[in-house]
Every structure is written in structure tokens, then in C-alpha cells.
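Got your viewer open? Load the model, switch to cartoon with side chains on demand, and follow along one selection at a time.

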Amino acid sequence: MSASSSRPFPHRLLRGLMATLAWLTLCGHVQAAYPDRPISLIVPFNTGTTPDIISRLLADAVSRDIGQPVVVMNRVGASGIIGTQAVVNAPADGYTIGYANVATLAINQSLYKSLPYDADRQLAPVAWTGSVQNVLAVRSSLGVKDVAGLIELARKQPGQLTVASGGNGTTGHLSAEMFKAMAGVSIMHVPYKGGVEADLAVLRGEVDMVFENITSIAPHLKGDKLVPLAVTGSVRDSRLPQLPTLAETGLPDYRAVAWTGYVAPAGWTRRSWTSSMPRSTRPWRRPPSCSSSRPRPTTSTPAPARTCSTWPVRNARSGPT
């Protein structure tokens, strides 16, 4: 994962996010008046989470530009499986796009013995939009001030400390499991329905710690109930520059990032850019054909592979998990 830009998160990603849906708009199943009705953007995670936040930024911006509503629909549950299946089951007509990430497209395929869909066969990768790291934060009443202190406490109390996540197989869950393995500690995992519920559980003191997406947890760090200890990526994040990486704290091989993107139902038609589209879409991207151009990624990580499940092979290193 490359070093974070010094620009605020919404401004840094908005251009790439707008290009994502704009690209689908330009290349989808285009009719003379397309789009002539609302476009659905399915997010398989809770409101208030990073997927929801960035998708709503995208939806608002593109809605104003194309003159049609882009409606965000949160289809939550089963570690993103429910929302992803909703995208799979939608018509391939250019009116449905879905948020996807390493959990929904890669982790779930390894975690679950069977899924109600085949990501490679039934989903088309539209665009990869970037990657984001997690923050390790503990409840302030735990009395821990740094990672070394947390590891020491966990070793003194094996199996007694708890870590929350937004569900089995989420990046927060796997970040915690990798931490436990590398630090040689035993910490009980407590899965919740989503990241919001996991964050609230730590804020209420029900669990001791959480590995949570930096965008989702940042507002909670302004109070005095949580103590952030480290970030999970390979470099520090400009939004919380005082936080070391876990690699800096004594776990040199630790690196966990979540890559994100957007998908559409397989079978949506890739077509050349057409002058029938609104003029305001032209500054975003002017590809000679969809097959030869994609929205530019928002970090320097290599471009995604052509099938959904192979994105993490090129864009994220899973580590010993």
C-alpha cells in the first residue's frame, strides 16, 4: 500500500469514485436515453461504515451530473454475502452496480465451503478504487497505551481479552487473527453483525479492542473512550500520522490492507463511448472503448486483474492468515 496522500479522504478518493460509476454509465447497457431511470448502488455493509461513506459520496456526485438518482441500498448480513448476491441476481442492464472488497470477493470464497454465487463467473469487475488500512484501538479503561503493553497484558491473561469485528471473515477479523499469530497471544474473537456494532461494543466497554477501518473509526477517536495503538498497513496514514504501523512496534512482517472496488452483474455490455451521454460525463473519462480503459486507481497499487477473485493476488498481500 502506498503512502497516504496529505489531502483529506473525501477529496482524495472522490475523483476516482466518480469515475467508477461514470465508467459503468458510459460502458454499460447503453440505450439512446440512458440513463432514463434511477441506478441502484448496492452496499453489502452497514450505514456509517467506510463502504457506505465512500459509496454515498460517489452516488451524490454522479446523481447531480447524470440527472438521475443513484440510490444507495444497504443489503447487510453474512459477511457481505447477502448484498453481493443481490448484485449477482440483478439484471445486467447497467442499472445496478455493487460495492465489493477483499472480503466479499476473495476471503469469503476461502472461508465458506459453498457460496450462493461464483464471483468470477457471475460478477464483472468494473473498477478497483483503492485500498485502506485498519486501526488497532482498545477501550481506554483497559489501561494500555501501546502495542507492547497490549501484548504483555494478553500474555499475562491468555484467552481473557476480547476483540470485536464486523463478522467472521472480515478484514477486521483477519487482522486480529494475524496479530494474535504473530504476537503469540490468545485473544477471544467476538463477531458482530457489522463494523458499526463492533465499534459501539468497544465504546461501551463490552469488548477490549477492535481492528477497524480507519475511516469508520476515526470519528470515535476524538473522544476519550478509545485509545488507538497502531495502523495495519506498511506505512503510516496521514490522517493519524502519530500512529505507528504494527511493523514498527515489533511485528516486522505485519501488513493488512483492504482493497475496494465496484462490480456489476456478469453480462453487462461493454460498449464504446457514445455522444448520446450527458456532456458533463466527458471530463471524467473518454475511452475509445471500455475494454481498453479503466478509471485510474487512487493509489499506486497495480491495476486489478480481470476476474474478481484474482484482484487480491495483485493488490493485497494476505500474510500468514
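Start by selecting Thr 50, which has a relative accessibility of 4% and so counts as buried, the cut-off being under 20%. Thr 50 is part of helix H2, residues 50-66. Now show what surrounds Thr 50: setting aside neighbours within four places in sequence, Thr 50 is in contact with Asn 213, Thr 215 and Ser 216. Bear in mind throughout that this is a predicted model.

Zoom out for a moment and colour by secondary structure. The protein chain has 10 helices and nine strands. Of its 321 residues, 56% are buried. If you like contact maps, take the contacts with a separation of 6 or more: 77% of them link residues 24 or more positions apart. Switch on the surface and you are looking at about 13,400 Å² of exposed area, with 51% of it supplied by carbon and sulfur atoms.

Next, go to the loop between strand S2 (70-74) and H3, and pick Ala 78. What is the sign of phi at Ala 78? Positive, at about 55°, although Ala 78 is not a glycine. As background, most residues other than glycine have a negative phi. Ala 78 is partly exposed, with 41% relative accessibility. Step along to Ser 79, also placed in the loop between S2 and H3. Ser 79 has a positive phi too, near 55°. Is Ser 79 buried or exposed? Buried, with a relative accessible area of 13%.

Now for the inside. Select Leu 105, Leu 123, Val 135 and Ile 217: these have the most contacts inside the largest nonpolar core, which has 34 residues. Several elements each supply at least two residues of this core, including helix H3 (81-89), helix H4 (102-111), strand S4 (123-139) and helix H8 (195-203). Helix H9 (214-217), strand S8 (226-231) and strand S9 (257-265) are also among them. Colour by domain and ask where this core lies. Domain 1 (39-131 + 259-277) and domain 2 (133-258) both give residues to it, so the core lies between them. There is another core apart from this one, with 26 residues, among them Val 144, Leu 161, Val 227 and Leu 251. In general terms, nonpolar side chains tend to be buried together in soluble globular proteins.

Keep Val 135 selected and expand to its contacts. Not counting residues up to four places away in sequence, Val 135 touches, among others, Val 210, Phe 211, Glu 212, Ile 214 and Ile 217. The list of Val 135 contacts also includes Pro 228, Ala 230, Val 231, Leu 240 and Leu 243. One of these has a second role: Val 231 is the bridge partner of Val 135 in S8. Show both strands and you'll see S4 and S8 paired in the antiparallel sense over five bridges. Why is S8 largely enclosed by the rest of the structure? Because five of its six residues are buried.

Last stop: select strand S5 (residues 162-165) and strand S6 (residues 188-191), which run parallel and are joined by four bridges. At Ser 165, look across to S6 for its bridge partner, Pro 191. Then trace the chain from S5 through helix H7 (residues 171-183) to S6: this β-α-β crossover is right-handed.

Definitions and conventions:
Residues are numbered from 1 along each chain as its sequence is written. This is a predicted model: local features need pLDDT of at least 70, side-chain atom pairs count only at pLDDT 80 or more; totals for chains, interfaces and linings use all residues. Side-chain values use heavy atoms; hydrogens and water are left out. Two strands pair if DSSP finds at least two bridges between them. A crossover is right-handed if, with the strands pointing away from the viewer, the path from the first strand over the helix to the second runs clockwise. A nonpolar core is a set of buried Ala, Val, Leu, Ile, Met, Phe, Trp, Tyr and Cys residues joined through side-chain atoms within 4.5 Å. Buried means under 20% relative accessible area, exposed over 50%, partly exposed in between (1.4 Å probe, protein chains only). Domain bounds come from an automatic or database domain assignment. Contact means heavy atoms within 4.5 Å. Accessible areas come from the Shrake-Rupley method with a 1.4 Å probe; for residues, only the protein chains shown count as cover.
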